[in-house]
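Visitor: Please take me through the charged side-chain pairs of this model, one by one and with their surroundings, keeping every criterion explicit.

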Amino acid sequence: MAVPREDRRTLSNVPDPEAIRTKPDRRGQRGADDVSAGDADYLSRIRMLSLRYMADFDVTVAAKGGKRRSGIKGRAVDISSTGILAAFEPDVGAFRVGDRVDIRFRIPPGTMPEGFESAVRTSATAVRVFSQERDGKERHMLAFEFEKPLTEYLKRRRWGYSVYLASTMLFFAAGFVMLMRAESVIYFKYNYFLYLYSLIAAAFLLSRYFFGALYRNVPVNPDYTPGVSIIIPCFNEEEWIHRTILSCVNQDYPVDKLEVIVVDDRSTDRSAERIREVIEMVHREAERYATRERVKMHVLPVNGGKRAALVKGVEMAKHDLVVFVDSDSFLDPTAIKHLVQPFQDPKMGGVAGRTDVENKYTNSITKLQTVRYYVAFRIMKAAESWFDSVTCLSGPLSCYRKELILQHADAWLKQKFLGQPATFGDDRSMTNFILRTHRTGYQDSAICSTIVPSKMSVFLKQQMRWKRSWLRESLRACTFIWRKEPFMMLFFLIGLIVPIAAPVIVLYNLLYVPIMYGVFPGTFLMGLLMMALLMSLAHLFFRKSRLWIFGFVFCVFYEFVLLWQMPVAWVTFWKSTWGTRETPQDVEARNKKAARKRKGKDHFELPS
């Protein structure tokens with residue numbers, strides 16, 4: 001994970017109520033004083049340029065105009081888009097402040113945000129020279145400012161090539177898919193069901209990419225800053241909860257219009273203690289930001305589940321908009337400012353932000369989830385938002401009107417399906433309540449990152465849980481979705497039918513046809529390749545990241561592993577266990593399983 005260098009200020013992004021800090025950090029932006037400091041895009045760009053990340057990779061520095069491969073070697077200590085700090089041995093010679101140099105290095109994946117992993121060869125100027133002792137050894141420290149920010153350097157190099165390649169290949173892939181569907185029309189009479197499914201699936205997929213491309217964020221209105229209460233439900237999340245709380249408090253949003261409420265659902269680890277520690281630290285070190293009045297904690301008397309924790313937080317909230325944030329999710333400093341903008345529409349009931357993967361470089365499992373998450377939000381949710389009908393306001397970051405949550409709280413808490421309590425899928429469930437009477441949207445500029453499973457067993461359990469909740473809530477949505485915009489209704493129904501029928505189609509194409517007719521399933525495999533290509537190239541186009549290749553990995557993994565969870569979900573979608581945490585339902589299910597094993601053992605034991 002990219003690790004930002006710690007700021008000596010606890011809440012460096014909160015608007016200063018005493019006007020002690022009057023200007024944003026303008027590192028690398030000489031001559032930009034004529035730009036309005038109130039411009040949201042400008043401030044976001046400045047923040048990106050200023051943020052420094054901890055680093056540890058080789059750096060080569062040579063005097064300007066020297067031999068191409070000559071220079072002294074050192075190790076990077078931290079890096080930003082505008083400069084780098086490196087450590088050198090004291091006997092290698094020194095540069096003076098003002099010296100211009102040629103600098104070469106390669107940014108490893110995970111050091112900076114996704115897309116920055118690249119080789120860099122650029123000019124720079126020495127801006128600071130000092131000595132530092134570490135582990136009993138003296139190091140010569142040199143800070144350099146790049147001639148051009150890395151954002152501009154990469155835009156003209158690798159990022160530019162990525163955009164040209166991705167856009168060209170996306171056009172080719174979309175055209176090839178349509179050409180293949182034309183073939184389906186020709187052979188339609190030979191197998192109505194198969195080729196009708198093929199046509200519908202292709203139209204559904206391409207339409208999502210089309211409307212996703214049309215999507216635009218609601219721009220920031222600097223005069224629109226409604227009151228917001230952030231609710232963080234927590235259960236056994238001691239590792240990440242401190243960072244979640246700080247990211248929610250450290251928002252570029254008016255102090256008097258933002259509060260943070262952490263509700264602990266009777267955690268059995270040190271979560272409650274960790275919450276108290278970070279809140280006390282915020283109260284102590286940032287008192288002038290009125291943190292004692294607007295950052296608070298509540299512990300439920302008994303473990304009631306995530307929904308109970310959220311409802312309690314909403315009941316405590318003093319503002320009209322409530323934001324739900326998962327306890328392992330971290331908000332960008334401008335997330336709340338962007339997230340509230342669609343609520344200028346009085347019919348907007350809920351809005352989801354974009355969720356990126358925080359631990360993307362851990363292993364192949366997290367890398368394939370990185371591509372999947374981005375496409376699911378930037379393409380799929382964005383396409384639904386075009387019709388103001390986002391069908392899942394995701395748990396990591398979503399905002400609702402408080403009155404609507406309270407209106408549906410009782411039904412939400414007591415929801416059952418086929419006699420079983422609905423404990424997971426809380427985000428889809430509440431979205432259905434909201435979507436019945438109001439619009440739901442997506443704001444791509446409201447960004448958070450979350451920790452995703454890095455172990456295969458946990459990942460598979462999470463995916464099974466999501467499929468069960470998707471099936472359950474999709475059936476509920478069928479009762480009212482017909483009232484929405486006609487194209488959206490069709491969009492939704494096709495999106496329900498295609499995944500459910502997919503296992504049958506795959507079996508037919510990969511097993512039945514080759515065995516019964518001796519025909520290699522080349523057309524089907526080519527269609528799978530095109531689907532993977534669309535996902536991968538969309539990620540490359542928007543993110544300009546080397547992880548785009550994992551879009552192919554995800555599609556293959558989905559077809560041969562995740563897809564076969566769907567038939568299991570068909571016959572078990574009433575289950576209420578999470579599988580990845582110790583909820584009361586999981587404990588009950590485990591005890592029942594143990595009781596059945598004991599009963600079976602006793603049954604087969606012979607009397608002595």
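Guide: With a salt bridge taken as a side-chain nitrogen of Lys or Arg within 4 Å of a carboxyl oxygen of Asp or Glu, the count comes to 25 salt bridges. The model is a predicted one, in which local features need pLDDT of at least 70 and side-chain atom pairs count only at pLDDT 80 or more, while totals for chains, interfaces and linings use all residues. Residues are numbered from 1 along each chain as its sequence is written, and side-chain values use heavy atoms, with hydrogens and water left out.

The pair of aspartate 252 and lysine 337 makes a salt bridge with an N to O distance of 2.9 Å. Because aspartate 252 sits in the loop between α5 (241-249) and β9 (258-264) and lysine 337 in helix α9 (residues 335-339), this pair ties together parts that are 85 residues apart in sequence; helices (H or I, at least four residues) and strands (E, at least two) are DSSP runs, numbered from the N terminus. Both aspartate 252 and lysine 337 are buried, where buried means under 20% relative accessible area, exposed over 50%, and partly exposed in between (1.4 Å probe, protein chains only).

In another pair, glutamate 287 bridges to arginine 292, with 3.7 Å between the closest N and O atoms. Arginine 292 has 48% relative accessibility and therefore counts as partly exposed. Alanine 290 belongs to the loop between α6 (271-285) and α7 (291-294), and its phi is near 55 degrees, a positive value in a residue other than glycine. Most residues other than glycine have a negative phi. At a relative accessible area of 28%, alanine 290 is partly exposed. Aspartate 388, found in the loop between α10 and β14 (397-401), likewise has a positive phi of about 55 degrees although it is not a glycine, and with a relative accessible area of 28% aspartate 388 is partly exposed.

Returning to the bridges, arginine 439 and aspartate 345 meet through their side chains at 2.5 Å, N to O. Arginine 439 is part of strand β17 (residues 439-450) and aspartate 345 lies in the loop between α9 and β13 (348-357), so that this salt bridge connects parts that are 94 residues apart in sequence. Arginine 439 has 34% relative accessibility and is thus classed as partly exposed. Elsewhere, Glu114, Arg354, Asp356, Asp444 and Arg543 are joined into one network by salt bridges that share partners.

One member of that network, Glu114, also appears among the neighbours of threonine 370, which touches Glu114, Val357, Lys360, His539 and Leu547 when residues up to four places away in sequence are not counted; contact here means heavy atoms within 4.5 Å. Threonine 370 is placed in helix α10 (residues 364-385) and is buried, its relative accessible area being 4%. Isoleucine 515, by contrast, which lies in helix α14 (residues 486-517), counts as exposed at 66% relative accessibility.

As for the background to these pairs, the protein comes to 18 helices and 17 strands, and buried residues make up 52% of its 608 residues. Among the contacts with a separation of 6 or more, 76% are accounted for by residues 24 or more positions apart, and the two bridges that tie together parts 85 residues and 94 residues apart in sequence can be read against that figure.
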